[in-house]
Amino acid sequence: MEEVEGVKKKSKGKESRYGKRYGLEVKLCCVKLRLEEGIPVSLLSKEVGASKDVIRRWAKAYQEQGEAGLRNRVVQVGSQRKLPGPVRQKIIEIKKREPLSGVKRISHLLKRVFFLSASPETVRRTLRAESLIIPSKKKHRHNITRPRFFERSTPNQLW
């Protein structure tokens, strides 16, 4: 078999967090060689550099969805799981009722009393979006002009 083009060679640089990415042409070539020519998966995996499971997955996706199944799916940045409305309302209600409660306390209260799950970071994000969180005061740094040394020239001079 000739060298397959479109495969990114191994580099010491950054890769995708999901591993190596293959182009549509490479996937389509592998799938067609596998399904139409009957070339073994082990030979294809050695030639392309993809694992056997990945090539089998490509073939299955191609059989089910056609070429669309081989395209790289792009996950949008804002597609995080949305917080359910009742949980969001309960977080806001608790914070308005008890303004001194922090995010950890609200999170534990939701779990123990209302049987709703929301991590402290989720509570923090929700309260920040609703402008209900009070920013903590920064610690005042003392301006030390000279460092303190506890060394003395003679023994017993310090005390």
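**Notes on an all-helix pattern**

1. Reading along the sequence, you'll find the pattern α-α-α-α-α-α. In other words, the chain has six helices and zero strands. Keep in mind while you look around that this is a predicted model.

2. Now for the chain as a whole. It has 159 residues, and 23% of them count as buried. The exposed surface comes to about 13600 Å², with carbon and sulfur atoms supplying 51% of that area. As for how the chain meets itself, take the contacts between residues at least 6 apart in sequence: 49% of these join residues at least 24 apart.

3. Have a look at helix H1 (residues 24-37) and helix H3 (residues 52-65). Their axes are 9 Å apart, and the two helices pack at an angle of about 85 degrees. Angles of 65 to 115 degrees count as roughly perpendicular, so that is the label for H1 and H3.

4. Which residues in H1 and H3 meet? On the H1 side, they are Lys 27, Leu 28, Cys 30, Val 31, Lys 32 and Leu 35. Their partners in H3 are Trp 58, Ala 59, Tyr 62 and Gln 63. Sort the residues of this contact by type and you get seven nonpolar, one polar and two charged.

5. Cys 30, one of the H1 residues in that contact, deserves a second look alongside Cys 29. Which of the two is buried, and which is partly exposed? Cys 30 is the buried one, with a relative accessible area of 1%. Cys 29 counts as partly exposed, because its relative accessibility is 34% and the partly exposed class runs between 20% and 50%.

6. Two cysteines side by side in the numbering might make you wonder about a bond. A disulfide is a covalent bond between the sulfur atoms of two cysteines. How many disulfides does a search of the whole structure find? Zero. Why doesn't Cys 29 bond with Cys 30? The closest cysteine sulfur to that of Cys 29 is the one in Cys 30, and it sits 5.7 Å away, too far for a bond. The cut-off for a disulfide is within 2.5 Å. Start from Cys 30 instead and the closest cysteine sulfur is in Cys 29, again at 5.7 Å and too far.

7. Last stop: His 108, which you'll find in helix H5 (residues 103-112). His 108 counts as partly exposed, since its relative accessibility is 42%. Its C-alpha atom is separated by 8.5 Å from that of Ala 118, a residue ten residues apart from His 108 along the chain.

Key. Residues numbered from 1 in each chain as written. Predicted model: local features only at pLDDT ≥ 70, side-chain atom pairs only at ≥ 80, totals over all residues. Heavy atoms only, no water. Axes fitted to C-alpha atoms, helices over the stretch in contact; angles between N-to-C directions. Helix = DSSP H or I, 4+ residues; strand = E, 2+ residues; numbered from the N terminus. Parallel < 35°, antiparallel > 145°, perpendicular 65-115°, else oblique. Contact = heavy atoms within 4.5 Å. Nonpolar A, V, L, I, M, F, W, Y, C, P; charged D, E, K, R; others polar. Buried < 20%, exposed > 50% of the residue type's maximum accessible area, 1.4 Å probe, protein only. Areas by Shrake-Rupley, 256 points an atom, 1.4 Å probe, with all protein chains shown as cover.
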